[in-house]
Amino acid sequence: MTLMVSKARVLAAVLPIMVGLLLHGRLAFLGLSPVSFDLPRPLPLPDPRSTTRLGEVAFDLIGKDSIVYPEALVKSPDGKFAFLSLGDGRIVRMTTKDTFEWRDLSWQTVVRTGEESEDCGSGGPSDENEIESICGRPLGMLVTRRSAIDPYYSSRSSADEDVLLVADSYKGLLMVTNIYRGDGAIRVLATRAVQDPSGYRFNLLNALVETPDGSIYITETS
């Protein structure tokens with residue numbers, strides 16, 4: 001009995017080390033290097049008895065019946081424009097007058113990532129009509145330079161410009177050009193990673209983030 005207990009204790013002590021070594025080797029093979037850090041101390045939770053109710057504060061309802069199920073919100077580098085992805089497949093460009101008051105806010109459709117249909121956005125947030133795969137569902141977005149992401153870009157043929165990099169749940173990784181003037185244009189950059197099998201397609205792309213060194217990471221709900 002004593003011998004069996006000793007073996008169990010040794011296994012319990014060694015197993016986490018073995019798992020850690022295997023995980024470290026796997027991450028190194030993928031070119032990933034974990035960095036340890038301490039999270040900041042969380043803010044104290046508010047007192048439920050003093051929480052302000054929504055009906056007790058002043059707020060503006062923006063774009064009722066037009067801004068449908070908003071998702072991602074990003075701004076242009078100069079801060080003059082904001083871009084918002086919507087549940088009906090559209091990406092809209094938003095701006096205000098010189099007053100910068102929300103009541104002066106206006107918006108214009110830049111592009112729809114899928115096909116035009118009067119049913120776009122009719123299925124609600126849960127897509128009960130299963131129309132998102134047709135109309136598009138842009139989720140993650142960021143504003144970057146075309147030269148940074150367009151493999152076919154050449155300064156000899158066209159000037160560099162700000163573009164939207166978009167993760168669409170059904171259409172893949174997209175680039176939208178001409179984002180400040182009139183209608184935008186879409187180019188599909190990728191529907192799978194280089195390492196994926198040839199018949200694979202991204203399944204519900206979600207978020208985008210750009211690190212300080214210019215690397216871009218995407219998340220896929222699979």
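The paragraphs below describe two sheets and one cavity in a predicted model.

The sheet that lies earlier in the numbering is considered first. It is an open sheet built from four strands in the order 1-2-3-4, and the pairing is antiparallel. Its edges are formed by strand 1 (73-75) and strand 4 (106-112), each of which pairs on one side only. From one strand to the next, the twist averages 25°. Within this sheet, strand 1 is joined to strand 2 (residues 82-85) by three bridges in the antiparallel sense. A reader who wishes to locate this pairing may look for Val74, which stands opposite Phe83 in strand 2.

The other sheet follows. It is likewise described as open, with four strands in the order 5-6-7-8 and antiparallel pairing. Strand 5 (138-145) and strand 8 (185-190) each have a single partner strand, so one side of each is left without a neighbour in the sheet. Neighbouring strands here are turned against each other by 30° on average, with direction ignored.

At one edge of this sheet, strand 5 pairs with strand 6 (residues 162-168) in the antiparallel sense, and seven bridges connect the two. One of the residue pairs can be named: Gly140 has Ala167 in strand 6 as its bridge partner. Is strand 5, as an edge strand, mostly covered or mostly uncovered? Seven of its eight residues are buried, so the strand is mostly covered, where buried means under 20% relative accessible area. The lack of a neighbour on one side within the sheet thus stands beside a strand that is mostly covered.

At the other edge, strand 7 (residues 172-177) and strand 8 pair over five bridges, again in the antiparallel sense. Here Leu174 has Val188 in strand 8 as its bridge partner. For both sheets, a general point helps in reading the strands: in a regular strand, side chains alternate between the two faces of the sheet.

Attention may now turn to enclosed space. Rolling a probe the size of a water molecule over the atoms shows where empty space is left. In this model, the count comes to one cavity of 30 Å³ or more. The largest cavity holds about 50 Å³ of space. Which residues line the largest cavity? The lining consists of Tyr69, Gly87, Gly121, Ser122, Gly123, Gly124, Pro125, Asp127, Ile131, Glu132 and Arg137. By class, this lining comprises three nonpolar, five polar and three charged residues. Glycine is counted as polar in this grouping, and the lining includes Gly87, Gly121, Gly123 and Gly124.

Conventions: Residues are numbered from 1 along each chain as its sequence is written. This is a predicted model: local features need pLDDT of at least 70, side-chain atom pairs count only at pLDDT 80 or more; totals for chains, interfaces and linings use all residues. Side-chain values use heavy atoms; hydrogens and water are left out. Two strands pair if DSSP finds at least two bridges between them. Axes are lines fitted to C-alpha atoms, for helices over the stretch in contact, and angles run from 0 to 180 degrees between N-to-C directions. On a 1 Å grid over the protein atoms alone, a cavity is a set of points where a 1.4 Å probe fits but cannot get out, and a pocket is an open set with protein on both sides within 12 Å along at least five of seven lines; lining residues have an atom within 4 Å of a point. Grid points are joined across faces, edges and corners, and a volume is the space filled by probe spheres set on the points. Buried means under 20% relative accessible area, exposed over 50%, partly exposed in between (1.4 Å probe, protein chains only).
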